[in-house]
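This report examines charged side-chain pairs and nonpolar packing. The sequence and structure are shown first.

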Amino acid sequence: MSAPPAARPPAAARRRPGWLPAAATGLGLAALWEAVARAGWIDPLFFAGPVAAAAALVRLVSGGDLLHHYAVTLGSAALGLLAGSAAGIVAGLACGLSPAARAVAGPYLAALNATPRVALIGILVVWIGLGTGVRVALVAISAFFPLFFNTAEGVRSRDPALDRLARAYAATRGEWFGQVLLPQCLPAALTGSQVAVGRSLVVVVIAEIFVGSLGGVGYFIISAGQQFRAADVFAAAALMALTGSALTLGLSRLGARLTPWHRPPTL
Amino acid sequence: MTAGRGRAAFVLSLALLLGGWELYVRASGISPFFLVPPSAVARRLGQWLASGRLVLDLGASLLLVVLGFGLAALLAIPAGLALGVGRRLEQALGPYLLVAYATPAPVFLPLLLMWFGFTYATRVLIVALFAVLPVLLNVWWGVRALDAAWLRVARAYCATPAEVLAHVVLPGSVGPVLASLRVGGGLALIGLFVAETYGAGAGLGYQVIVATKRMELTGMLAGLVMLGGLGLALEQGLALAERRLAPWRSA
């Protein structure tokens with residue numbers, strides 16, 4: 001049982017007190033962080049304050065050095081994400097609709113899903129080589145699963161009454177697919193795509209750390225760490241934090257726009 | 001299709017897959033650099049088992065997962081509960097945790113390596129690093145999604161905050177906590193593989209890494225089979241715990 005929607009305070013009233021404590025803690029944390037960096041307890045080789053990190057970020061971005069690595073990272077993440085998501089949606093629809101497909105493919109996918117994907121890196125290097133392909137493939141495998149599981153679950157938990165309704169109104173298979181089935185799995189697929197984006201960034205950075213031959217933020221950050229350029233490490237981490245946050249926020253906005261009838265249970 | 005026929009179909013497909021793979025490798029004479037037959041992988045696993053290597057590696061990996069994942073759970077569960085219950089705390093820290101969660105965890109790897117070197121502590125922290133925020137956020141959201149009516153009932157009966165915590169929030173959080181551990185478990189295994197890259201001398205991930213450095217496919221596949229088995233066991237174990245301890249949730 002849940003409260004009727006009218007009982008909730010309007011959005012503005014809920015949000016207004018929200019940002020003030022957040023801003024206060026943010027300033028406090030940043031000041032503490034800067035104070036720790038300036039106190040001289042920690043060698044600047046190992047630690048950088050927010051001011052030094054911001055200065056490093058500006059220097060690295062304006063110098064174009066980090067931007068090159070950033071473009072490499074985003075490129076392989078985007079390619080892998082597209083390929084993996086498309087495959088995940090198709091496989092999810094198939095396994096959601098067909099019990100036979102579910103019975104046969106399910107155990108393989110569960111086993112592959114339980115295996116840490118980054119461990120596949122060696123096999124992918126043997127089969128694909130040391131180029132971009134390894135990174136794209138690893139991202140694709142990681143992006144596949146959230147889309148697959150969510151789409152399949154969306155298909156299976158659809159309302160059977162709507163299927164009967166479509167049949168009663170003599171809908172063609174195409175109409176049923178586009179107007180009955182897809183709208184019902186879209187919210188779950190969008191949730192899956194948010195998870196997939198997060199996983200993709202994680203995996204692409206790991207892949208770049210392990211196979212650094214083409215650069216990328218992962219390569220940049222691990223070599224900065226090896227050379228004890230702490231400010232550069234913090235700057236690159238901040239860039240990835242901004243990227244991940246922007247993508248997550250953008251996707252949840254897009255989800256709200258595309259599926260206005262669906263209210264996500266969280267946030 | 002019944003469950004029995006489904007299982008039969010799966011077993012048949014597995015037999016066809018393994019048999020076809022074995023036959024293809026033998027008939028085509030493909031270089032073992034590119035593809036090795038499943039029998040070679042099985043033989044390698046048998047050798048590891050006979051030499052005691054397998055038990056050693058499994059034990060090392062299990063210990064690392066237990067320590068790292070345990071540390072993550074120890075930090076994340078109380079923090080997630082506090083954020084789920086405390087409105088003020090949520091407003092003050094929530095946005096930063098969301099940003100930290102959206103940041104790919106491996107970017108913090110160089111900091112751990114710089115600060116703690118190639119030590120065991122670093123490896124434990126790497127496993128914890130990958131799991132801590134997903135567990136925290138899932139506990140936080142799970143607790144917040146608890147039925148608000150329960151809390152209103154408790155408050156209407158003048159329950160103290162401690163009573164609300166003991167009788168409403170903690171029992172209600174069992175489900176979300178276990179679900180969040182399932183999410184975190186998979187990430188902890190990614191952390192395990194990454195951690196065993198840095199100075200480990202034993203472990204399932206370590207075996208895969210050694211085989212990768214030698215470009216030796218048999219060792220990679222044998223290690224992967226074991227890692228996958230460990231992952232499945234972890235996932236099934238946590239799913240079982242969820243069904244036992246929170247049977248009202250459909251796991």
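The following paragraphs treat the salt bridges and then the nonpolar cores.

**Salt bridges**

The model is predicted. Across all chains, 9 salt bridges are found in the whole structure. Three of the pairs are listed here with their closest N to O separations.

| Pair | N to O distance | Relative accessibility of each residue |
|---|---|---|
| A:Glu34 and A:Arg38 | 2.6 Å | A:Glu34 15%, A:Arg38 61% |
| B:Arg26 and B:Glu22 | 2.8 Å | B:Arg26 59%, B:Glu22 15% |
| B:Arg144 and B:Glu90 | 2.7 Å | B:Arg144 26%, B:Glu90 9% |

In chain A, the pair A:Glu34 and A:Arg38 belongs to helix α1 (residues 11–38), where 4 residues, or about one helical turn, separate the two. A:Glu34 is buried at 15% relative accessible area, whereas A:Arg38 is exposed at 61%.

In chain B, B:Arg26 and B:Glu22 are likewise 4 residues apart, about one helical turn, within helix α1 (residues 3–28). B:Arg26 is exposed, with 59% relative accessible area, while B:Glu22 is buried at 15%.

What does the pair B:Arg144 and B:Glu90 tie together? B:Arg144 and B:Glu90 meet through their side chains in a salt bridge. Because B:Arg144 lies in helix α6 (residues 120–144) of chain B and B:Glu90 in helix α4 (residues 87–102) of that chain, the pair ties together parts that are 54 residues apart in sequence. B:Arg144 is partly exposed, at 26% relative accessibility, and B:Glu90 is buried, at 9%. Elsewhere, A:Arg59, A:Arg229 and A:Asp232 are joined into one network by salt bridges that share partners.

**Nonpolar cores**

The largest nonpolar core holds 112 residues. Which of its members touch the most others? They are B:Phe69, B:Ile77, B:Ile126, B:Phe130, B:Leu181 and B:Tyr198. Helix α6(B) supplies the largest share of this core, with 16 residues; B:Arg144 of the salt bridge described above also lies in helix α6 of chain B.

For B:Phe69, contacts beyond its neighbours within four places in sequence include B:Leu64, B:Val127, B:Ala131 and B:Val135. B:Phe69 is also in contact with B:Leu181, B:Gly184, B:Gly185, B:Ala188 and B:Leu238. B:Leu181 thus appears both as a contact of B:Phe69 and among the core members that touch the most others.

Apart from the largest core lies another, of 7 residues. Its members include A:Ala166, A:Trp176, A:Leu181 and A:Cys185.

Definitions and conventions
Residues are numbered from 1 along each chain as its sequence is written. Chains are lettered from A and ligands numbered from 1 in the order in which they are written. This is a predicted model: local features need pLDDT of at least 70, side-chain atom pairs count only at pLDDT 80 or more; totals for chains, interfaces and linings use all residues. Side-chain values use heavy atoms; hydrogens and water are left out. A salt bridge is a side-chain nitrogen of Lys or Arg within 4 Å of a carboxyl oxygen of Asp or Glu. Buried means under 20% relative accessible area, exposed over 50%, partly exposed in between (1.4 Å probe, protein chains only). A nonpolar core is a set of buried Ala, Val, Leu, Ile, Met, Phe, Trp, Tyr and Cys residues joined through side-chain atoms within 4.5 Å. Contact means heavy atoms within 4.5 Å.
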